[in-house]
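Please open the model in a viewer and follow the stops below in order. Each stop names a selection and then describes what is found there.

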Amino acid sequence: MFELLERRPRERSKEYVKRVLLHNILIMELEPGIQIQESEICDLFKLSRTPVREALLELAQLRLIDIYPQKGTYISLIDLNLVDDGRYLRSILESDLAAMACDLATPKAIEKLNENIVLQEYYEKKDVDKLIKLDDEFHKIIYMVCGKAYLYEVARNASFHFDRVRKLRLLVKQPLKVKNAHEEILRAIENKDKKAASDKMASHLSAEVFDLEILKGQYLHYFANVKNYLK
């Protein structure tokens, strides 16, 4: 069921529509390949076409929506090349940031990371969507520790196809094994072991994103350029 989020105070109409559509794309409520109607979105949000069209164009720039003149607007298929690009970018950035965090992490930041891991353990088998959010938050804390808020946004915008695959893993009951990896990264940061922190982060993000058996099952139609991966 489409999830209509609460509008934030002073949130512009375009940003609200974009945020809600993005949320539903990432949690797979708006499934890859389905057609969406601009008029229906306008009715749903009770807005004119202008903010809706602007939101759709921005999502198209993120390659999450395909707009075909005279044909229609569709939720983009998951592009495995973009999945790998997002993983690669994060691996390069965050392995360096983990090493930087060895010098920059304050006791308060270490405490926040520890609290995050405790929550991961709690939600690991209870609420997998919450686990994904905690996974994201763990990495965001490291960006913030290093004063790289802008780079966090860059990496986030490059990782949306990667995020959809994470959600798909949960749909086919493949566990997200993040807690142990995060514990190893945090221990290295606490010990100010730059090489270990960098290596553990690179290993964590370079691990295979998902089992290719997913592509041979009921979700095959969710993917673009899939034949290149099934040779």
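**An aromatic pair between two helices**

Begin by selecting Phe-45, which counts as buried because its relative accessibility is 9%, below the 20% limit for that class. The model on display is a predicted one. Add Tyr-16 to the selection; this residue is also buried, with a relative accessible area of 9%. The structure holds five aromatic pairs. Tyr-16 and Phe-45 form one of them, in an edge-to-face arrangement with 5.4 Å from centre to centre and 90° between the planes. Now colour helix 1 (residues 13–26), which carries Tyr-16, and helix 2 (residues 38–45), which carries Phe-45. The pair thus links distant parts of the chain, its two members being 29 residues apart.

**Strand 3 and its partners**

Next, select strand 3, residues 72–75. In which directions do Gly-72, Thr-73, Tyr-74 and Ile-75 point? Gly-72 and Tyr-74 point one way, while Thr-73 and Ile-75 point the other way. In a regular strand, side chains alternate between the two faces of the sheet. All four of these residues in strand 3 are buried.

Add strand 1 (residues 35–36), which runs antiparallel to strand 3 and is joined to strand 3 by two bridges. Within this pairing, Gln-35 stands opposite Tyr-74.

Then add strand 2 (residues 65–68), also antiparallel to strand 3, with four bridges joining the two. Here the residue to centre on is Ile-67, which stands opposite Thr-73.

**The hairpin turn**

Move to the connection between strand 2 and strand 3: the two strands form a hairpin with three residues between them. Select Gln-70 in this turn and inspect the backbone, where phi is positive, at about 70°.

**Two lysines over tyrosine rings**

Select Lys-71 together with Tyr-68. Lys-71 lies over the face of the Tyr-68 ring, at 5.2 Å from the ring centre. For a second example, select Lys-126 and Tyr-122: Lys-126 lies over the face of Tyr-122, at 4.5 Å from the ring centre.

**Asp-129 in helix 6**

For the last stop, display helix 6 (residues 128–145) and pick out Asp-129 within this helix. Is Asp-129 buried or partly exposed? Asp-129 counts as partly exposed because its relative accessibility is 33%, a value in the range between the 20% and 50% limits. Finally, draw a C-alpha to C-alpha distance from Asp-129 to Arg-166: the two residues are 37 residues apart in sequence and 9.9 Å apart in space.

Conventions:
Residues numbered from 1 in each chain as written. Predicted model: local features only at pLDDT ≥ 70, side-chain atom pairs only at ≥ 80, totals over all residues. Heavy atoms only, no water. Buried < 20%, exposed > 50% of the residue type's maximum accessible area, 1.4 Å probe, protein only. Pairing = 2+ DSSP bridges. Phe/Tyr/Trp six-rings, centres within 6.5 Å; stacked < 30°, edge-to-face > 60°. Lys NZ or Arg CZ within 6 Å of the ring centre and 35° of its normal.
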